[in-house]
Amino acid sequence: MLKRFKDLTEREILALAIQNEEEDGRVYGEFADSLKESYPATAQMFEEMREEEAGHRDRLFALFRERFGDRIPPIRREDVRGFLKRRSLWLVRPLRVNAARKHAQVMEMEAVRFYQRAAQRVTDTGIRELLNKLADEERKHTATAGELEEKHLTEAAREKEDASHKRLFLLQIVQPGLAGLMDGSVSTLAPLFAAAFATHNSWDAFRVGLAASIGAGISMAFAESQSDDGSLTGRGSPIIRGAATGLMTTAGGLGHSLPFLISNFHLATILAVIVVAIELVAIAYIRNRYMDTPFLQATFQVVVGGILVFLTGWWIGSS
């Protein structure tokens with residue numbers, strides 16, 4: 001059963017403060033360790049914040065020993081109703097740098113607000129004084145965090161980390177998604193148009209396109225997620241990459257399958273061909289925008305491949 005904060009003794013409140021500083025220090029340490037390779041300036045900022053928390057913890061230990069002795073009661077924030085509840089962001093891999101910075105800001109602001117409100121609710125002057133001191137400590141730490149960010153995240157450091165962030169975004173999201181979009185847009189052309197020209201029935205063509213799109217999406221998702229766990233290449237979570245690849249593969253195939261929901265076969269075929277052209281241009285643009293591939297080169301590669309697959313489907317379906 002959770003305890004109410006107003007029922008805690010000064011000894012328990014001080015023990016909670018120690019536990020809070022220890023946990024926050026571990027979180028900042030994990031942030032620093034996770035970000036040191038790709039975001040060294042931010043990692044150094046979190047390392048200094050960890051050292052600040054360690055200093056707070058040591059002073060709280062000294063105060064506790066002075067007033068209550070060496071035995072600290074085994075009370076945690078989870079044991080107290082209304083105490084700080086935080087998501088375990090520090091357990092997530094790979095850790096996003098912006099999410100880590102925002103999480104740290106929320107941690108400090110929540111701590112200040114909690115201690116301030118708690119101080120207003122209690123009537124014992126000794127407890128109120130202690131809570132106000134803790135609020136002051138956290139408020140100072142919030143200011144220190146801002147100073148550390150200004151110190152380490154200089155303009156040059158920010159530009160370097162932004163470039164690193166873009167690189168990670170490319171590796172973890174854009175590349176897998178683009179591979180899926182290309183596969184879905186191109187590989188499903190042959191079965192879709194083969195079925196369309198073989199049956200001249202829009203509904204039959206749509207069902208073949210739907211099956212090919214979903215099947216290709218599942219296959220690509222598993223292939224991408226099993227190809228690399230990201231531990232050495234830095235390409236991020238295999239689940240995220242697999243999901244991005246699978247979803248974009250399915251979307252690429254569905255794009256030119258949906259027109260065949262139109263009962264008029266000739267109209268559906270014309271719309272499907274238009275959608276295919278739009279998809280291929282979009283792929284060429286993405287390759288040019290994010291992969292630095294010259295637009296004409298990307299267009300030539302994608303269009304030639306798409307035309308060859310389309311002709312294959314038309315030839316097989318018409319034979």
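**Charged pairs and cores**

Biologist: Glu 47: is it buried, exposed or partly exposed?

Modeller: Glu 47 is partly exposed, at a relative accessible area of 23%. Buried would need under 20%. Keep in mind that this is a predicted model.

Biologist: Which side chain does Glu 47 meet in a salt bridge?

Modeller: That of Arg 50. The N to O distance is 2.7 Å.

Biologist: Where do Arg 50 and Glu 47 lie?

Modeller: Both sit in helix 2, residues 40-68. They are three residues apart, about one turn of the helix. Arg 50 is partly exposed too, with a relative accessible area of 28%.

Biologist: How many salt bridges are there in the whole structure?

Modeller: Four turn up in a search of it. Among them is one between Asp 70 and Arg 65, with the closest N and O atoms 3.6 Å apart.

Biologist: Why does 3.6 Å still count for Asp 70 and Arg 65?

Modeller: Because the cut-off is 4 Å, and the closest N and O atoms of this pair are 3.6 Å apart.

Biologist: Is Asp 70 buried or exposed? And what about Arg 65?

Modeller: Asp 70 is exposed, at 64% relative accessible area. Arg 65 is partly exposed, at 46%.

Biologist: Which residue pairs with Asp 204?

Modeller: Arg 207, with the closest N and O atoms 2.8 Å apart. The two are separated by about one helical turn, because they are three residues apart in helix 7. Asp 204 is partly exposed at 25% relative accessibility. Arg 207 is partly exposed at 46%.

Biologist: New topic. Which residues touch the most other members of the largest nonpolar core?

Modeller: Phe 193 and Phe 260, out of 20 residues in that core. Helices 5, 6, 7, 9 and 10 each give two or more residues to this core.

Biologist: What is Phe 193 in contact with, beyond its neighbours within four places in sequence?

Modeller: Its contacts include Phe 260, Val 273, Val 276 and Phe 310. Thr 269, Ala 272 and Gly 313 are on the list as well. Another core, of 18 residues, lies apart from the largest one. Leu 16, Ile 18, Tyr 115 and Ala 119 are among its members.

Biologist: Back to charged residues. Is Glu 12 buried or exposed?

Modeller: Glu 12 counts as buried because its relative accessibility is 14%, and the limit is under 20%. Glu 12 lies in helix 1, residues 10-35.

Biologist: And what touches Glu 12, leaving aside neighbours within four places in sequence?

Modeller: Lys 3, Asp 7, Pro 73 and Ile 75 are in contact with Glu 12.

Notes. Residues are numbered from 1 along each chain as its sequence is written. This is a predicted model: local features need pLDDT of at least 70, side-chain atom pairs count only at pLDDT 80 or more; totals for chains, interfaces and linings use all residues. Side-chain values use heavy atoms; hydrogens and water are left out. Helices (H or I, at least four residues) and strands (E, at least two) are DSSP runs, numbered from the N terminus. Buried means under 20% relative accessible area, exposed over 50%, partly exposed in between (1.4 Å probe, protein chains only). Contact means heavy atoms within 4.5 Å. A nonpolar core is a set of buried Ala, Val, Leu, Ile, Met, Phe, Trp, Tyr and Cys residues joined through side-chain atoms within 4.5 Å.
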